[in-house]
Amino acid sequence: MYARAAATTAALLGAGALVLPTATATAQTPAPSTVKHDQPLVVAHRGASAYAPENTFAAIDKARDMGFRWVENDVQRTKDGELVIMHDDTLKRTTNVEELYPDRAPWKVKDFTAAEIARLDAGSWFGKKYAGQRVPTLKQYMRRVSHNHQKLVFEFKKPELYPGIEKQGLRILRNEGWLDKHHVKSKLVIQSFSADSVKTVHKLRPDVKTGFLGTPSVAELPAYARFADQINSSHTTISAAYVSAIHALKGPHGKPLEIFTWTVNDAPNAKRAAGFGVNGIITNTPDVVRKALREG
């Protein structure tokens with residue numbers, strides 16, 4: 001995730017989106033296991049991405065094997081309209097796309113079909129043992145997360161590049177069983193750096209828990225609280241006072257606003273963030289954070 005400037009309050013108050021017919025607004029109640037226990041929650045960023053290639057099955061399986069229930073991912077769209085799990089808007093950093101398609105620079109996700117992306121090796125860049133890992137489609141990924149009994153912080157990455165991606169992503173989540181009451185209540189958060197994208201998700205599925213990625217000013221927080229349940233800020237940009245300001249407000253479901261901070265990969269910063277009272281810590285090294293939190 002890359003930091004971006006927060007949208008202005010005026011921009012936040014604009015609106016307009018279609019509503020999926022299956023949704024009705026319901027009050028959100030966090031699962032009992034996530035309210036008082038294991039606070040802050042530890043979320044494996046792109047899976048356990050310090051130990052396996054990010055956003056692959058190997059990464060979420062590694063998180064599962066390490067005992068972590070929450071994982072985070074990034075979603076983008078191919079040339080032919082398939083949603084795939086990829087952080088960058090280019091395939092260059094985490095696949096062998098340059099080798100397979102040397103004449104297709106700058107190797108943007110949106111310029112390749114799903115079949116072309118399915119050919120790519122998304123593991124060798126990380127280590128030989130991961131050769132042959134693939135870029136999952138969103139459908140494949142959701143089935144693996146379900147198989148692993150995991151929970152998901154789902155990010156629409158650069159949605160401005162992919163008009164309508166929110167409605168499409170929600171449709172896939174619904175088809176995969178992730179928009180029933182059980183999942184919506186305790187297993188899913190949808191976030192984005194784009195305030196407009198978060199607003200669109202909230203309008204399409206007002207029952208789904210949403211998060212805005214960024215650090216709006218305290219004065220802007222009430223505007224965000226109209227459509228976001230979480231303000232998910234970089235750990236380098238927050239303080240105890242800022243976290244308290246977040247918690248003092250109620251989100252669209254009538255619950256106190258939350259904050260999942262990112263990307264915390266060492267013990268001192270994990271303890272610092274926990275001391276601020278954050279609700280969750282997103283990390284590439286979930287084992288390091290878990291150990292730090294247990295040490296107090």
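Helices, of at least four residues, and strands, of at least two, are DSSP runs numbered from the N terminus. The exercises below concern a predicted model.

**Exercise 1. Overall make-up**

Determine how many helices and strands the protein has, and what share of its residues is buried.

Solution. Step 1: under the definition above, the protein has 13 helices and nine strands. Step 2: the chain comprises 296 residues, and buried residues make up 55% of them. Step 3: turning to contacts between residues at least 6 apart in sequence, 64% join residues at least 24 apart.

**Exercise 2. The surroundings of Arg77**

Establish where Arg77 lies, what the distance to the nearest side chain of opposite charge is, and which polar partners the Arg77 side chain has.

Solution. Step 1: Arg77 belongs to strand S2, which covers residues 70-77. Step 2: Arg77 is buried, and the nearest side chain of opposite charge is that of Glu166, 7.4 Å away. Step 3: a salt bridge requires a side-chain nitrogen of Lys or Arg within 4 Å of a carboxyl oxygen of Asp or Glu. Arg77 has no salt bridge. Step 4: the Arg77 side chain does reach the backbone oxygen of Pro163, at 2.8 Å. The side chains of Arg77 and Gln168 are also joined, by a polar contact of 3.0 Å. Step 5: with residues up to four places away in sequence set aside, Arg77 touches several residues, including Glu82, Leu83, Val109, Tyr162 and Ile165. Pro163 and Gln168 are also among the residues touched.

**Exercise 3. Strand S5 and its partners**

Describe the burial of strand S5, the direction of its side chains, and its pairing with S4 and S6.

Solution. Step 1: S5 spans residues 188-192, and five of its five residues are buried. Step 2: in a regular strand the side chains alternate between the two faces of the sheet. Step 3: in S5, Leu188, Ile190 and Ser192 point one way, while Val189 and Gln191 point the other way. Step 4: S4 pairs with S5 in the parallel sense over four bridges, and Leu152 stands opposite Leu188 in S5. Step 5: S5 pairs with strand S6 (residues 210-213), again in the parallel sense, over three bridges. Gly211 in S6 is the bridge partner of Gln191. Step 6: between S5 and S6 the chain passes through helix H9 (residues 195-204), and this β-α-β crossover is right-handed.

**Exercise 4. Strand S9 and its partners**

Identify the strands that pair with S9 and the unit that S9 makes with S8 and a helix.

Solution. Step 1: S9 covers residues 280-283; Gly280 and Ile282 point one way, Ile281 and Thr283 the other way, and all are buried. Step 2: strand S1 (residues 41-44) pairs with S9 in the parallel sense over four bridges. Strand S8 (residues 260-261) pairs with S9 in the parallel sense over two bridges. Step 3: Gly280 is the bridge partner of Leu41, and Phe260 stands opposite Gly280 as well. Step 4: S8, helix H12 (residues 267-276) and S9 make a right-handed β-α-β unit.

**Exercise 5. Gln230 in strand S7**

Decide whether Gln230 is buried or exposed, and name residues in contact with Gln230.

Solution. Step 1: Gln230 is found in strand S7 (residues 230-232). Step 2: buried means under 20% relative accessible area. Gln230 has 0% relative accessibility and therefore counts as buried. Step 3: beyond its neighbours within four places in sequence, Gln230 is in contact with Val189, Gly211 and Phe260, among others.

**Exercise 6. Backbone geometry in two loops**

Find what is notable in the backbone at Pro106, Trp107 and His149, and state whether Trp107 and His149 are buried or exposed.

Solution. Step 1: most residues other than glycine have a negative phi, and most peptide bonds are trans. Step 2: the peptide bond from Ala105 to Pro106 is cis, with omega near 5 degrees. Pro106 is placed in the loop between helix H4 (97-100) and helix H5 (114-118). Step 3: Trp107 is found in the loop between H4 and H5, and its phi is positive, near 60 degrees. Trp107 counts as buried because its relative accessibility is 9%. Step 4: His149 is found in the loop between helix H6 (138-147) and strand S4 (151-156). The phi of His149 is positive, about 55 degrees. His149 counts as exposed because its relative accessibility is 53%.

How values were computed:
Residues numbered from 1 in each chain as written. Predicted model: local features only at pLDDT ≥ 70, side-chain atom pairs only at ≥ 80, totals over all residues. Heavy atoms only, no water. Buried < 20%, exposed > 50% of the residue type's maximum accessible area, 1.4 Å probe, protein only. Lys, Arg positive; Asp, Glu negative; His and termini not counted. Polar contact = N/O pair within 3.5 Å; in protein donor to acceptor, adjacent residues only side chain to side chain. Contact = heavy atoms within 4.5 Å. Pairing = 2+ DSSP bridges. Right-handed = clockwise from strand over helix to strand, strands pointing away.
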